[in-house]
Amino acid sequence: MSILGIIIVIAVVYLIVKGYDARIVLIGSGIIMSGIGGVPMSALDAFAKSMTNAGLIEAVCSVMGFAMAVRFTGCDKHLINAMATVLKNFRPLLIPGVVICTYLVNIALPSAAGTAAAAGAIFVPLLMAGGVNPAMAAAAVKCGTYGSMLNPGLAHNPFVAKIAGVGVMDVISYHYKANLASLAVATIIITVIAHVMKEDKGYVSENLTIDSSFKVNPLFAVMPIIPIVILILGETHVVPIFKMGVPQAMIIGAILTLIVTRTKPSDLGQAFFDGMGKAYGSIIGIIISAGVFVAGLTSIGLVKLFIDEMLNNPAIVKICAAIGPFILAILVGSGDAATFAFNEAITPHAADFGMTPVQMGSAATLAGTLGRTMSPIAGATIIVAGIAGVNPIEIAKRNLLPMLGALIIGMLILFF
């Protein structure tokens, strides 16, 4: 059964790399493995159980609902244009500034593809107008698309929090230093690479231009970050009255956005609930599918085999948590499927390996996120490649060393 399970896992990776829907592949393989393991209902039970994961659904759906409302009102464009206005006056800081600004945007809008589209449309032309090579311009934007790890609504944060039995902000407060350190390393490396390759100046842009007529409304620009500020101030007890859950903060943010932008309530409400529905179908859908897949792995004995191997070889535990999700994310273009599967199957047993669930879960999440950030087939990579008019492989090449450096420093901080 273990051999059959390994063959099925290899087939799953192959099918996802080939572009098949990850949800269908994971669910189908989970059901097949459960059948082989003699407990076909375990996969269906896992499906039903994952559908009603209250804490996870509340955080993820409310955040994506707010993100959709912000995009509908155009506040995201005001935020990004405000950052671009500052950056263009500091020519030497263009590349590192774009990486960091994209990272900040991704905190407020926790979707790599959404951030790549919104930020890329402004930052790529900005860099190219400043003389930066198109591939490097796209790579700089892509390099910053993992700020979502600091958003409490990123599905992985409440997922790990539930496993560990702690609050979402507890998970973020544990891994934020590693995350910020990895950002600093990635930013420095990609800036050095641009200078060494002589891609940081000299390019003359012909097709892409910056919309200089866009007038930034400061109040509009602030709206996307309001819920994050509320949560941080409340969690740190700087403003005790702001101590609240993620959904409450997102609703407050949506109400303030409604007031500031004077949008028709029914239109903004429609956008908010559309975002919630999309979040359930795409993000929660992946989590449900990963649960079914892990149920299949458990039924066929692969989870026990993997845990036994790590117990017998404790030196490989940290390597598995870091390298496994990282490589799989590069191959499949998404950090979600690999990370959710690892965290559901292995992270609950973290204590057996001398680690905490938050520590192991954070490591797997960061590894998967960084792997996706350098993957040539990730949706965000394809989006910025299209904006810059370059091959996605060229972007992956430029982000290889920055992401490896980020992975190393991030894991050193999380594990030691």
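Buried residues are those under 20% relative accessible area and exposed ones those over 50%, with partly exposed in between. In this predicted model, Glu394 has a relative accessibility of 27% and therefore counts as partly exposed.

## Salt bridges around Glu394

Glu394 is a convenient starting point, since two of the salt bridges described here share this residue as their acidic partner. One of them joins Glu394 to Lys397, with 3.3 Å between the closest N and O atoms, and the other joins Glu394 to Arg398, where the corresponding separation is 3.1 Å. Helix H20, which spans residues 392–415, contains both Lys397 and Glu394, and these two residues are 3 apart, about one turn of the helix. Arg398 and Glu394 are also separated by about one helical turn, because they stand 4 residues apart in H20.

The two basic partners differ in their exposure class: Lys397 is exposed, because its relative accessible area of 53% is over the 50% limit, whereas Arg398, at 8%, is buried because this value is under 20%. The arrangement extends beyond helix H20 as a network of salt bridges that links Glu199, Glu394, Lys397 and Arg398.

The count of salt bridges comes to 4. Another of the contacts is formed by the side chains of Arg23 and Asp21, with an N to O distance of 2.9 Å. Arg23 has a relative accessibility of 29% and counts as partly exposed, and Asp21, at 33%, is likewise partly exposed.

| Salt bridge | Closest N to O distance |
|---|---|
| Arg23 and Asp21 | 2.9 Å |
| Lys397 and Glu394 | 3.3 Å |
| Arg398 and Glu394 | 3.1 Å |

## Aromatic pairs

A pair of aromatic rings is described by the distance of the centres and the angle of the planes. The structure holds 3 aromatic pairs. One of them, formed by Tyr103 and Tyr146, is edge-to-face, with 5.5 Å from centre to centre and 85° between the planes. Tyr103 belongs to helix H6 (residues 94–108), while Tyr146 is found in the loop between helix H8 (134–143) and H9, so the pair ties together parts that are 43 residues apart in sequence. Both tyrosines, Tyr103 and Tyr146, are buried.

The rings of Phe272 and Phe273 also form an edge-to-face pair, because their planes lie at 75°, with the ring centres 5.8 Å apart. Here the two partners fall into opposite exposure classes, as Phe272 is buried at 6% relative accessibility, whereas Phe273, with a relative accessible area of 56%, is exposed.

## Helix H9

Helix H9 covers residues 156–164, and the buried residues in this helix include His156, Asn157, Pro158, Phe159, Val160 and Ala161. Just after H9 comes Gly165, which takes a positive phi of about 70°.

## The two pockets

Rolling a probe the size of a water molecule over the atoms shows where empty space is left. The largest pocket holds about 1,100 Å³ of space. Its lining is made up of 42 residues, of which Ala113, Ser282, Ile283, Ser334 and Asp336 are the closest to the centre. Several helices each supply at least two residues of this lining, among them helix H2 (22–36), helix H4 (54–73), helix H7 (112–129) and helix H18 (357–374). The greatest contribution to the lining of the largest pocket is that of H14, with 6 residues. By class, the lining of the largest pocket consists of 20 nonpolar, 16 polar and 6 charged residues.

The second largest pocket has a volume of about 720 Å³. This pocket is lined by 24 residues, and those closest to its centre are Val9, Phe293, Leu297, Phe306 and Leu328. Two or more lining residues come from each of helix H1 (2–17), H14, helix H15 (302–312), helix H16 (317–332) and H17. H1 gives the largest share of the lining of the second largest pocket, namely 6 residues. The classes here are 23 nonpolar and 1 polar, with no charged residues in the lining of the second largest pocket.

Helices H14 and H17 appear in both descriptions, each supplying at least two residues to the lining of the largest pocket and two or more to that of the second largest pocket.

Conventions: Residues are numbered from 1 along each chain as its sequence is written. This is a predicted model: local features need pLDDT of at least 70, side-chain atom pairs count only at pLDDT 80 or more; totals for chains, interfaces and linings use all residues. Side-chain values use heavy atoms; hydrogens and water are left out. Buried means under 20% relative accessible area, exposed over 50%, partly exposed in between (1.4 Å probe, protein chains only). On a 1 Å grid over the protein atoms alone, a cavity is a set of points where a 1.4 Å probe fits but cannot get out, and a pocket is an open set with protein on both sides within 12 Å along at least five of seven lines; lining residues have an atom within 4 Å of a point. Grid points are joined across faces, edges and corners, and a volume is the space filled by probe spheres set on the points. Ala, Val, Leu, Ile, Met, Phe, Trp, Tyr, Cys and Pro count as nonpolar, Asp, Glu, Lys and Arg as charged, and the others, Gly among them, as polar. Rings of Phe, Tyr and Trp (its six-membered ring) pair if their centres lie within 6.5 Å; planes under 30 degrees apart count as stacked, over 60 as edge-to-face and the rest as tilted.
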